[in-house]
Structure formats: structure tokens, C-alpha cells
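Please open the model in your viewer, choose a cartoon display, and keep the selection tool at hand. The tour goes from one selection to the next and says at each stop what is found there.

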Amino acid sequence: MQVYLDNNATTMCDPKVVEAMLPFFSEQYGNPNSLHKFGSSTHPALMNAINQTYKAINASDNDDIVFTSCATESNNWVLQSVWIDHVLNGDKNHIVTTEVEHPSILSTCKFLEEQGVKVTYLPVNEEGVVEAHTVKSFITDKTALVSVMWASNETGMINPIKEIGEICKEKGVLFHTDGVQAVGKIPVDLQDVHVDFLSFSAHKFHGPKGIGGLYIKDSQELSPLMHGGEQMGGRRSGTLNVPYIIGMGKALELATENIEETMAKIRAKRDRLEDALLELSDTFTVGNRDNRTPNTILISIKGVEGEGMLWDLNNGEIGASTGSACASEDLEANTVMLAIGADNELAHTGIRLSLSRFTTDAEVDYVISHFKNAVARLRGISSSFAKQAPTKGGEVQECELHHHH
Ligand code: C6P
């Protein structure tokens with residue numbers, strides 16, 4: 001059996017999404033900005049996708065949603081344009097974010113620091129959550145933007161976005177949230193919470209890779225990052241990616257139409273998996289599961305190095321990760337586990353398991369049994385390591401693990 005439990009890294013594109021996209025490659029391939037019927041014949045499907053997108057996050061007609069290539073682009077756009085609009089061309093010089101954001105936020109912040117912007121990286125509590133009062137205490141009259149992710153890709157923990165939004169509104173500070181791990185996984189209602197900008201990426205909710213979006217409250221100004229042919233009202237130039245926009249709309253509709261029901265089903269499987277794995281000794285999971293996206297587990301198994309565990313799971317055709325996919329090329333400790341106060345050794349034991357609506361009960365059963373055997377195998381190995389001085393065998397084992405990456 002093959003089991004994919006790395007849905008926070010990316011998801012399978014739903015075959016229904018592929019089906020919705022297909023006519024727009026070789027049949028209705030016109031440029032929607034063209035005046036002939038090849039172009040205009042794409043309009044109904046595009047309008048439908050735009051409506052599906054607005055509906056999925058409950059955006060209002062006054063708001064703008066701009067299609068981008070991915071959430072990395074959306075995140076870069078917000079941070080760099082707030083810098084241009086409010087630091088270079090304004091009187092602010094400060095951004096508040098958190099220690100546990102995705103690299104598309106953290107690396108952009110590092111770049112902005114080199115340009116002279118002051119950035120505050122807020123800590124998280126032991127649950128991995130950013131507390132609203134912490135955000136409040138770091139906002140000054142020089143703060144241009146607060147950027148806090150809605151839900152963590154590593155732990156699934158959900159931040160108090162509604163409270164943070166209220167604080168930002170009260171203080172007159174722009175609020176951006178990286179919604180990549182929230183949209184399509186938990187209800188996102190942008191008329192209930194105050195968010196100025198929200199980023200999302202289709203491949204995280206069974207849409208295609210290479211398409212995402214940025215929600216802009218009240219269609220407020222934001223300097224464009226892509227200058228050119230004035231598509232999307234001049235906000236993001238470049239010929240519209242018609243099939244992908246249609247695919248993302250369909251994916252959003254499928255992910256959100258019965259979200260409570262879908263969440264309950266995923267949660268039941270996740271909880272069963274988590275309970276079974278927690279029967280292992282010296283094991284813990286990060287964060288209260290009631291405040292987590294329903295598909296995510298970050299588990300630590302004392303004495304079992306995450307990379308070794310991944311390798312064993314992979315031998316059993318189970319795809320998991322030690323944390324975010326983009327950080328898994330190196331063998332560094334899980335930064336989120338360090339941020340919640342784990343020591344370096346413990347931070348090397350994290351395994352992220354992320355389910356989807358396609359995960360079956362039979363897959364969960366298989367993972368439980370393989371996982372328990374893997375832990376027994378690896379604990380057997382590491383206790384024999386502990387007894388002996390490093391042997392040649394031990395070194396070979398290490399090399400193989402490294403080679404695997
Ligand atoms: N996180 C993970 O394994 P892109 O690649 O642009 O579609 O999405 C980037 C991104 C932004 N924000 C968050 C919270 C994310 O989780 C991701 C993607 C993957 O966790 C790959 S690093």
C-alpha cells in the first residue's frame with residue numbers, strides 16, 4: 001500500500017479539477033483580453049471561477065482577489081509593496097511578524113531588514129500559537145504591517161486571527177495573513193474577520209501547482225509587483241492563466257462546499273492515528289488538537305531521529321516529512337519545535353503527518369502498524385548505538401540516511 005501523508009507540502013490535484021481545466025488548454029485557449037470570440041468564450045468559465053473564489057473565503061464585492069503564481073508570490077508582493085508604499089514613500093519603518101512563518105515571509109523580511117526596515121519576529125507559546133496580546137504589545141506608531149500566518153504548516157496550530165485583526169484595525173495598522181494552510185482546510189470568512197491581505201495557494205487544497213491568489217480588502221492600493229500589460233486592473237500584469245484559475249475555482253468549491261462535514265471526517269481519522277501513535281512510550285504531539293487544522297499531526301518520538309524515521313516510512317511507501325518540504329533538504333532541527341522550546345535533540349525528532357480528504361481508514365490502519373514497527377526498529381538501532389562507541393556500521397547507516405536526501 002502507498003500512503004501519502006504530506007498534504008501540507010502539496011496535495012493531489014483532484015481529478016474533477018483536472019477535468020474542469022482540460023478544455024482550456026487546446027480548445028478554449030484564447031486570451032481572455034482579446035476582443036474576438038476565442039478570447040471572449042473563456043469569460044463565462046473565468047467569471048464562474050472568480051465567483052467560486054470569492055464565495056470560498058466569503059470576500060465581498062468591494063474586495064479584490066488577484067491571481068498570482070503561488071502564495072510565495074503573494075507573500076512577497078504584500079511585504080515588498082507595503083515597504084514601497086509605507087516606508088520608502090511614507091513615514092513608517094516597522095513590520096511585525098512571527099518566528100514561525102514560512103520562508104516566503106521570513107526571507108522577504110530579512111531582505112527588507114537589509115533595506116533598513118525594522119522587523120519584530122514574535123515568539124509563540126508552548127502550543128506554537130502567536131498570542132494576540134503579544135502582537136498588540138509590539139505595535140508602535142511606526143508599524144506599517146502585521147503579518148501572522150492563519151495556521152501553521154508545521155504544527156497545524158491556528159492563530160487567533162480574529163483577535164489580531166481587531167487589534168490591527170483599532171491601531172490603524174495593515175494586517176496580512178498567510179492563509180495557505182487555512183484556506184480549504186478550515187472555514188475562512190473574510191466578512192467575519194478583519195484581514196487586509198490574505199495569501200493562498202491552490203496546490204494545498206487539491207488544485208494545480210503554479211496558481212494562487214492575494215485577497216485585498218476594500219480593493220485598497222498596493223503597488224504592483226509585476227508591471228506590464230495591465231491585466232487584473234494593472235495590479236498583476238501577465239496573461240491570465242485561464243485553465244489554472246478555473247482549476248483553482250473548482251478546487252475551492254470542492255474544498256469548501258461541505259467543509260464542516262469534510263473536516264469532521266478528516267479529524268476522526270487524524271485523531272485515531274494520533275491516539276494510536278501516542279500509545280508509544282515517550283511520545284508527544286505538539287499543540288492542542290482542538291485548535292489545530294484537522295489534518296495535521298507533529299509528533300515527536302524520543303530517541304528516534306526524524307530523518308531516520310522518514311527513511312523507514314519511505315521504505316514502507318509512506319510519504320511524511322520532518323517539517324516543511326522546503327526545509328527538508330538540510331538536516332537542521334525543526335525551527336518550529338525550537339520556537340516552542342524544544343531542545344536541539346528533541347527538535348530533531350519531529351515527524352509531520354498531514355492527511356487529506358482522500359486519506360482512507362485502511363491507510364490509517366497501515367500507517368499505524370508500520371509506524372509502530374519502525375519506532376521499534378529505530379529505537380533498537382539507537383540503543384545499540386548508545387551502548388557501543390560509533391562503529392563503522394553506524395557510520396555507514398548515517399551515510400545512507402544522508403545520501404537518501
Ligand atoms: N509550504 C510545506 O511543506 P507556495 O510554495 O508558494 O505554493 O506556498 C508557500 C507556502 C507559504 N506559506 C505557507 C504557510 C506554506 O505552508 C507554504 C508551503 C510547504 O510546508 C512547502 S515549503
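Before the first stop, one term is needed: two strands are said to pair if DSSP finds at least two bridges between them. Please also keep in mind throughout the tour that this is a predicted model.

**Stop 1: the three-stranded sheet**

Select β9, β10 and β12, which form an open sheet in that order, with antiparallel pairing. The edge strands are β9, residues 283-285, and β12, residues 350-354, and each of these pairs on one side only. If you ignore direction, neighbouring strands of this sheet are turned by 25° against each other on average.

Now narrow the selection to β10, residues 296-301, and β12, which run antiparallel and are joined by five bridges. Within this pair, Ile 297 has Leu 353 of β12 as its bridge partner. Add helix α10, residues 259-277, to the view: this helix packs on the sheet, where it touches β9, β10 and β12, and its direction makes about 5° with that of β10.

**Stop 2: the seven-stranded sheet**

Next, select the strands β2, β8, β7, β6, β5, β3 and β4, which in this order make up an open sheet of seven strands with mixed pairing. At the edges stand β2 and β4, the latter covering residues 118-122, and each has a single partner strand, so one side of each is left without a neighbour in the sheet. Neighbouring strands are here turned by 20° against each other on average, again with direction ignored.

Strands of a sheet pair through backbone hydrogen bonds, either parallel or antiparallel. To follow some of the parallel pairs, begin with β3 and β5, which are joined in the parallel sense over three bridges, and look for Val 96, which stands opposite Val 146 in β5. From β5, move on to β6, since these two strands also pair in the parallel sense over three bridges; here Ser 147 stands opposite His 176 in β6. Then continue from β6, residues 174-178, to β7, a parallel pair with three bridges, in which Thr 177 has Leu 198 of β7 as its bridge partner.

Before leaving the sheet, colour β5 by accessibility: is this strand mostly covered or mostly open? β5 is mostly covered, with five of its five residues buried.

**Stop 3: helices α5 and α6**

Select α6, which lies across β3, β4, β5 and β6 and runs at about 150° to β4. Then add helix α5, residues 71-88, which packs with α6, residues 103-114, at an angle of about 25°, their axes being 9 Å apart. Angles under 35 degrees count as roughly parallel, and α5 and α6 are therefore roughly parallel to each other. Their crossing is right-handed. To see the contact itself, show side chains, including Leu 79 and Trp 83 of α5 and Ile 105 and Phe 111 of α6.

**Stop 4: helix α4 and its surroundings**

Return to the seven-stranded sheet and select helix α4, which packs on this sheet, touching β2, β7 and β8, with its direction at about 115° to that of β2. The helix comprises residues 43-57, which is 15 residues, and reaches 22 Å from its first C-alpha to its last, close to the 21 Å expected at 1.5 Å a residue. Just after α4, Asn 58 takes a positive phi of about 50°.

Which residues of α4 are buried? They are Ala 45, Leu 46, Ala 49, Gln 52, Thr 53, Tyr 54, Ala 56 and Ile 57. What covers them includes α2, β2, β7, β8 and α9.

Keep α4 on screen and add α9, which packs with α4 at an angle of about 40°, with the axes 8 Å apart. α4 and α9 are therefore oblique to each other, and their crossing is left-handed. Among the residues that make this contact are Ala 45, Ala 49 and Thr 53 of α4, together with Ile 246, Gly 249 and Glu 253 of α9.

As a last selection, pick Met 47, which is found in helix α4. Partly exposed means between 20% and 50% relative accessible area, and Met 47 is partly exposed because its value is 47%. From its C-alpha, draw a distance to that of Ile 246: the two residues are 199 residues apart in sequence and 9.0 Å apart in space.

Terms used: Residues are numbered from 1 along each chain as its sequence is written. This is a predicted model: local features need pLDDT of at least 70, side-chain atom pairs count only at pLDDT 80 or more; totals for chains, interfaces and linings use all residues. Side-chain values use heavy atoms; hydrogens and water are left out. Helices (H or I, at least four residues) and strands (E, at least two) are DSSP runs, numbered from the N terminus. Axes are lines fitted to C-alpha atoms, for helices over the stretch in contact, and angles run from 0 to 180 degrees between N-to-C directions. Contact means heavy atoms within 4.5 Å. The expected span of a helix is 1.5 Å times one less than its number of residues. Buried means under 20% relative accessible area, exposed over 50%, partly exposed in between (1.4 Å probe, protein chains only). Angles under 35 degrees count as roughly parallel, over 145 as roughly antiparallel, 65 to 115 as roughly perpendicular and the rest as oblique. A crossing is left-handed if the near helix is turned anticlockwise from the far one by less than a right angle, and right-handed if clockwise.
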